[in-house]
Amino acid sequence: MQGITKVFKKGGILLAIVIAIILALICGQFFPVPLVRIFVTFNAIFGQFLGFCIPLIIIGLVTPAIADLGSGSAKWLGLTALIAYISTLYSGFLTYGTAMLTLPKFLHQGALAEVQDPSKSDLAPFFTITMDAVISVMGALILSFIMGIGLSLVSRGVLRRGFVEFRKIIIRLIERVIIPLLPLHIFGIFLNMTKSGAVMKVIVVLLTVVVLVLVLEVVILVTQYLVGGLAYGVNPFKALLTMLPAYMTALGTSSSAASIPVTLKQAKKLGVPDAVASFTVPLCATIHLAGSTSKITAFALAIMITSGIPLNPIHFTGFIFMLGVTMIAAPGVPGGAIMAATGILSSMLGFNEAQVGLMIASYIALDSFGTATNVTGDGAISLIVARLSGGKFSERDQRIAASFASEDTFDAQKYLEDVK
């Protein structure tokens with residue numbers, strides 16, 4: 001496990017995922033069936049473990065996020081969150097509309113039908129271990145809303161601190177257990193598909209969606225800065241170019257929280273008052289994930305089309321609305337957004353274990369670009385909030401915003417001292 005962690009620190013999880021996929025494509029050509037079944041068995045056990053953890057991840061992330069956003073302790077907190085949510089919804093519905101117009105022309109219905117049941121008779125796991133979740137995914141979502149709203153109405157106390165500590169446990173679970181094991185899980189999925197002959201179809205589908213997502217993320221950023229620039233009275237395209245260092249930083253770190261110092265500096269160069277930038281940038285580093293939403297929406301649609309999953313527009317609309325809420329609660333760590341979204345992929349779209357694995361692999365493959373889009377868009381939100389607020393924010397507002405940043409990659413106390 002320590003060796004894997006060192007690889008992550010040096011090359012990031014993307015490098016580990018890429019290596020896992022390449023090795024799977026090679027090893028699938030000569031690995032005997034019994035050896036393949038060992039990895040299939042691991043996938044079956046890990047899939048059960050992931051299913052057990054998903055409701056806990058939802059409760060641990062969504063509950064404190066709703067409690068903080070609904071606390072009412074800062075009057076601009078809710079408005080900034082609303083703007084971020086609208087931006088996220090715009091990203092999701094833009095991607096949905098564009099994907100529905102383009103993907104059916106390039107992807108064949110049912111092309112990945114094999115992915116629905118990748119473990120064929122001769123590639124079945126040796127055994128499985130059933131791990132029943134303590135609560136269903138929908139139950140976890142409902143509980144999170146009830147507890148989050150309830151905690152927002154009472155003063156800070158033991159229960160709130162308990163959920164904050166539980167969030168730290170969940171983030172550690174994602175960082176120290178789930179993320180390090182993902183490359184092995186992805187290796188097993190692609191090894192299985194290579195052995196069964198379905199892998200080339202999967203790669204063609206993923207590459208098609210990659211091109212669409214990259215184009216859409218440019219459109220999303222241009223739209224955000226057209227709105228932000230016009231609202232604040234600055235040239236939208238010059239503003240977008242000014243945020244380029246933040247984009248490149250996020251591209252390298254794959255973490256919105258780790259990019260906060262650069263994002264803050266560039267936001268101030270846009271003319272955003274220090275108080276507003278110090279409020280919006282740390283807050284949006286966690287709650288504004290428009291780029292991530294676009295990726296998840298596009299890949300989910302592609303997998304549904306090619307796997308033959310029935311696509312109900314009304315049903316998918318509900319998924320996008322719920323995805324927007326889930327993204328607000330996602331931790332600012334690499335891979336955090338897709339881990340937070342796995343629950344609704346299964347419960348609302350009916351994805352099975354293999355399809356969720358494909359979603360995780362494809363998302364992480366573009367994680368840096370999605371994070372860069374998220375971070376760059378934070379500058380546009382800063383412009384909008386600056387226009388609406390007149391640049392007046394209290395130190396208390398800044399403290400609340402800073403508390404949203406990931407404690408693992410961002411020292412909120414030191415940051416506030418620097419702001420002062």
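Here are some notes on this predicted model, going from the overall fold down to single residues.

1. Overall make-up. The secondary structure is easy to sum up: 17 helices and 0 strands. Of the 420 residues in the protein, 54% are buried. The exposed surface comes to about 17,100 Å², and carbon and sulfur atoms supply 68% of that. As for how the chain meets itself, among contacts with a separation of 6 or more, 85% are between residues 24 or more positions apart.

2. What the record says. The unreviewed UniProt entry lists "transmembrane region" for residues 12-33, 45-67, 79-103, 123-153, 203-227, 239-264, 296-314 and 320-345. I looked at a couple of these against the model. Residues 45-67 are 100% helix and 0% strand, with the end C-alpha atoms 34 Å apart. Residues 79-103 are likewise 100% helix and 0% strand, and there the end C-alpha atoms are 35 Å apart.

3. The H9/H10 pair. How do helix H9 and helix H10 cross? The axes of H9 (residues 260-269) and H10 (residues 274-287) come within 9 Å and cross at roughly 140°, and the crossing is right-handed. On the H9 side the contact is made by Ile-260, Thr-263, Leu-264, Ala-267 and Lys-268, and on the H10 side by Asp-274, Ala-277, Ser-278, Val-281, Pro-282 and Ala-285. Sorted by class, that contact has 7 nonpolar, 2 polar and 2 charged residues.

4. Thr-80. This residue sits in helix H3 (residues 75-106). Is Thr-80 buried or exposed? Thr-80 counts as buried because its relative accessible area is 0%, below the 20% cut-off. Setting aside neighbours within four places in sequence, Thr-80 is in contact with Phe-279, Thr-280, Leu-283, Cys-284, Ile-287, Ile-381 and Val-385. Several names on that list are worth clicking through in the viewer, Phe-279 and Val-385 among them.

5. Thr-297 and Leu-323. I'd look at these together, since Thr-297 touches Leu-323, along with Gly-92, Thr-95, Tyr-96 and Phe-316, not counting residues up to four places away in sequence. Thr-297 is placed in helix H11 (residues 290-307), and Leu-323 lies in helix H12 (residues 313-329). Thr-297 has a relative accessible area of 0%, so it is buried. Leu-323 is buried too, with a relative accessible area of 0%. Seen from Leu-323, and again leaving out residues up to four places away, the residues touched are Thr-293, Ile-296, Thr-297, Ala-341 and Ile-344. Leu-323 and Ala-340 are 17 residues apart in sequence, with their C-alpha atoms 9.1 Å apart.

6. Helix H7. Two residues are worth a look here. Ala-239 is found in H7 (residues 236-242) and counts as buried because its relative accessible area is 3%, under the 20% cut-off. Which residues does Ala-239 contact, leaving aside its neighbours within four places in sequence? They are Tyr-225, Val-234, Leu-270 and Leu-383. Ala-239 and Ala-380 are 141 residues apart in sequence, yet their C-alpha atoms are 8.3 Å apart in space. Phe-237 also lies in H7. With neighbours within four places left aside, Phe-237 is in contact with Val-222 and Leu-226. The C-alpha atoms of Phe-237 and Leu-226 are separated by 7.8 Å, for 11 residues along the chain.

7. Leu-153. Why does Leu-153 count as exposed? Its relative accessibility is 69%, and the cut-off for exposed is over 50%, so Leu-153 falls in that class. Leu-153 is in the loop between helix H4 (137-152) and helix H5 (158-196). In the UniProt record, one of the listed "transmembrane region" stretches is 123-153, which ends at this residue number. Leu-153 and Ala-67 are 86 residues apart in sequence and 8.2 Å apart in space, C-alpha to C-alpha. Residue 67 is also the end of a listed stretch, 45-67.

Methods. Residues are numbered from 1 along each chain as its sequence is written. This is a predicted model: local features need pLDDT of at least 70, side-chain atom pairs count only at pLDDT 80 or more; totals for chains, interfaces and linings use all residues. Side-chain values use heavy atoms; hydrogens and water are left out. Helices (H or I, at least four residues) and strands (E, at least two) are DSSP runs, numbered from the N terminus. Buried means under 20% relative accessible area, exposed over 50%, partly exposed in between (1.4 Å probe, protein chains only). Contact means heavy atoms within 4.5 Å. Axes are lines fitted to C-alpha atoms, for helices over the stretch in contact, and angles run from 0 to 180 degrees between N-to-C directions. A crossing is left-handed if the near helix is turned anticlockwise from the far one by less than a right angle, and right-handed if clockwise. Ala, Val, Leu, Ile, Met, Phe, Trp, Tyr, Cys and Pro count as nonpolar, Asp, Glu, Lys and Arg as charged, and the others, Gly among them, as polar. Accessible areas come from the Shrake-Rupley method with a 1.4 Å probe; for residues, only the protein chains shown count as cover. UniProt positions are given in the numbering used here, feature names are shortened, and annotations may be inferred rather than shown by experiment.
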